[in-house]
Amino acid sequence: MNANTIVVRREVNEKQKIDADELRQTFAERGTLVVNLVSSPGAGKTALLEATAKAMGDRLRMAVLVGDLETDRDAQRLQPLMPTVQLTTGGACHLELPLVRRGLAALGDQPVDILFIENVGNLVCPASFDLAEHVRVVLVSTTEGDDKPGKYPKIIRTSHAMVVSKTDLLPHVPFSVDSVIADAERIQPELTFHKVSAIDGTGVEEWCRFLTEKHRALTVDVREVECS
Amino acid sequence: MHETTIAGRLLEQVTSICAANSLDGAVIIHLEVGVMSGVESRLLEIAFERLVSDTNLSGSGLAITKVPLTGACDHCDTTVEIRDFNFRCPHCREPLRVRTGEELRLVSITTTEGITP
């Protein structure tokens, strides 16, 4: 036997992590907060973006890259509210950084304060792909059941904030907000929670304050780095 | 199935390492896969075997070591195994710092050169 061993000890996703970190830094220097929205299909990502644009479109410049397997239906809804680029994955179950870069090229050089990336509706695969976002937000809607955080721990673990959406339906569905929060908080103690109804507007103002604060913190951080 | 994407990245790394070391033919690729890596080991193996079959490394396979999820509590100065995805210290409830279990690491490549089947 004449076996040879080459020792490597390197993360398989190391190159992609470096790429994402560089792009994240570039966004920060431009004053653009990048928010990656993830959820199961139909949890209300597009509705949340519509409500967000209506609530603070006059204060902050927003844009969105919309990921879907097929069609541009979400892009058509968002186009009247903010610059929108549809990313069609052609069947792939998640977005990856090269496709996001193509979307950025299509968006052009216009100044953006908050860039949303609406991921493909899927609680599994998007968890493993860094899209150079500063904030990952996972939506869990009241209609999909309060057992989701424990069933999809990776997406919860890698998120920074959770939106409990469709709260207007709470009187009609067996869903405990407290139990979702307790479950998710065990998996990711740093999560912030936002209870929102895009239909009746409950919680939209608080959610917008959260985004505004994140954007402000990002631009302050960059200025501090420049001064030091 | 995002394991196909990951298998492609792995194959790219392995191909360039093997080329740099003038290796071709079947090799064994040793990986450490954390239980919270987001990758299903069996799906990764299937995707990798399919991708590698069209290359000069055809016949290569993965040898996967599963890595448990462990975390350190800075407050109690202990390391514990994280069970049921509870990322708080079982003693003091402070958030744990993950030590192992999130990795997807290419550890080494073993050549089978010279081994007669």
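**Figure 1. Close-up of Asn13(A), a buried residue with a relative accessible area of 19%.** In this predicted model, Asn13(A) is placed in the loop that runs between strand S1 (5-11) and helix H1 (14-30) of chain A. When its neighbours within four places in sequence are left aside, the residues in contact with Asn13(A) are Ile6(B), Arg9(B) and Leu104(B). The assignment of Asn13(A) as buried rests on the value of 19%, since buried means under 20% relative accessible area.

**Figure 2. Close-up of the packing of helices H1(A) and H4(A), whose axes come within 11 Å.** Helix H4 comprises residues 97-107 of chain A, and its axis crosses that of H1(A) at roughly 30 degrees. The two helices, H1(A) and H4(A), are therefore roughly parallel to each other, because angles under 35 degrees are counted in that way. The crossing of H1(A) and H4(A) is left-handed. From H1(A), the residues Asp19(A), Ala20(A), Leu23(A) and Phe27(A) meet Leu97(A), Arg101(A) and Leu104(A) of H4(A). Sorted by class, this contact of H1(A) with H4(A) holds five nonpolar residues and two charged ones, with no polar residue.

**Figure 3. Close-up of the packing of helices H1(B) and H2(B), with their axes 8 Å apart.** Helix H1 (residues 3-20) and helix H2 (residues 41-52) of chain B pack at an angle of about 55 degrees, and that angle makes H1(B) oblique to H2(B). H1(B) passes H2(B) in a crossing that is right-handed. On the side of H1(B), the contact is made by Glu3(B), Thr4(B), Ile6(B), Ala7(B), Gly8(B), Leu10(B) and Leu11(B), while Leu43(B), Leu44(B), Ala47(B), Phe48(B), Arg50(B), Leu51(B) and Val52(B) make it on the side of H2(B). By class, the residues in this contact of H1(B) with H2(B) are ten nonpolar, two polar and two charged.

**Figure 4. Close-up of the loop between H1 and strand S1 of chain B, with Gly25(B) and Ser22(B).** Gly25(B) lies in this loop, which leads to strand S1 (27-34), and is partly exposed, with a relative accessible area of 23%. Not counting residues up to four places away in sequence, Gly25(B) touches Asn56(B), Leu57(B), Ser58(B) and Ser60(B). The C-alpha atom of Gly25(B) is separated by 26 Å from that of His2(B), and the two residues are 23 residues apart along the chain. Ser22(B), which is found in the loop between H1 and S1 of chain B, counts as exposed at 68% relative accessibility. Its phi is near 50 degrees, which is a positive value in a residue other than glycine. Most residues other than glycine have a negative phi.

**Figure 5. Close-up of Asp84(B), a residue other than glycine with a positive phi.** The phi of Asp84(B) is near 55 degrees, and the residue has its place in the loop between strand S4 (78-81) and strand S5 (97-100) of chain B. Asp84(B) counts as exposed, with a relative accessibility of 74%.

**Figure 6. Close-up of Val137(A), a buried residue in strand S6 of chain A.** Strand S6 spans residues 135-141 of chain A, and Val137(A) within it has a relative accessible area of 0%. With its neighbours within four places in sequence left aside, Val137(A) is in contact with Val35(A), Asn36(A), Leu37(A), Val38(A), Ala161(A), Val163(A) and Trp207(A). Val137(A) and Ala184(A) are 47 residues apart in sequence, and their C-alpha atoms are 13 Å apart in space.

**Figure 7. Close-up views of Cys125(A) and Cys89(B) in a structure that holds zero disulfides over all chains.** The cysteine sulfur closest to that of Cys125(A) belongs to Cys93(A) and is 3.3 Å away, too far for a bond, because a disulfide requires the two sulfur atoms to be within 2.5 Å. Cys125(A) is buried, with a relative accessible area of 7%. Cys89(B) is likewise in no disulfide, and the nearest cysteine sulfur, which is that of Cys73(B), is 3.8 Å away. Cys89(B) counts as buried at 0% relative accessibility.

Terms used:
Residues are numbered from 1 along each chain as its sequence is written. Chains are lettered from A and ligands numbered from 1 in the order in which they are written. This is a predicted model: local features need pLDDT of at least 70, side-chain atom pairs count only at pLDDT 80 or more; totals for chains, interfaces and linings use all residues. Side-chain values use heavy atoms; hydrogens and water are left out. Buried means under 20% relative accessible area, exposed over 50%, partly exposed in between (1.4 Å probe, protein chains only). Axes are lines fitted to C-alpha atoms, for helices over the stretch in contact, and angles run from 0 to 180 degrees between N-to-C directions. Helices (H or I, at least four residues) and strands (E, at least two) are DSSP runs, numbered from the N terminus. Angles under 35 degrees count as roughly parallel, over 145 as roughly antiparallel, 65 to 115 as roughly perpendicular and the rest as oblique. A crossing is left-handed if the near helix is turned anticlockwise from the far one by less than a right angle, and right-handed if clockwise. Contact means heavy atoms within 4.5 Å. Ala, Val, Leu, Ile, Met, Phe, Trp, Tyr, Cys and Pro count as nonpolar, Asp, Glu, Lys and Arg as charged, and the others, Gly among them, as polar.
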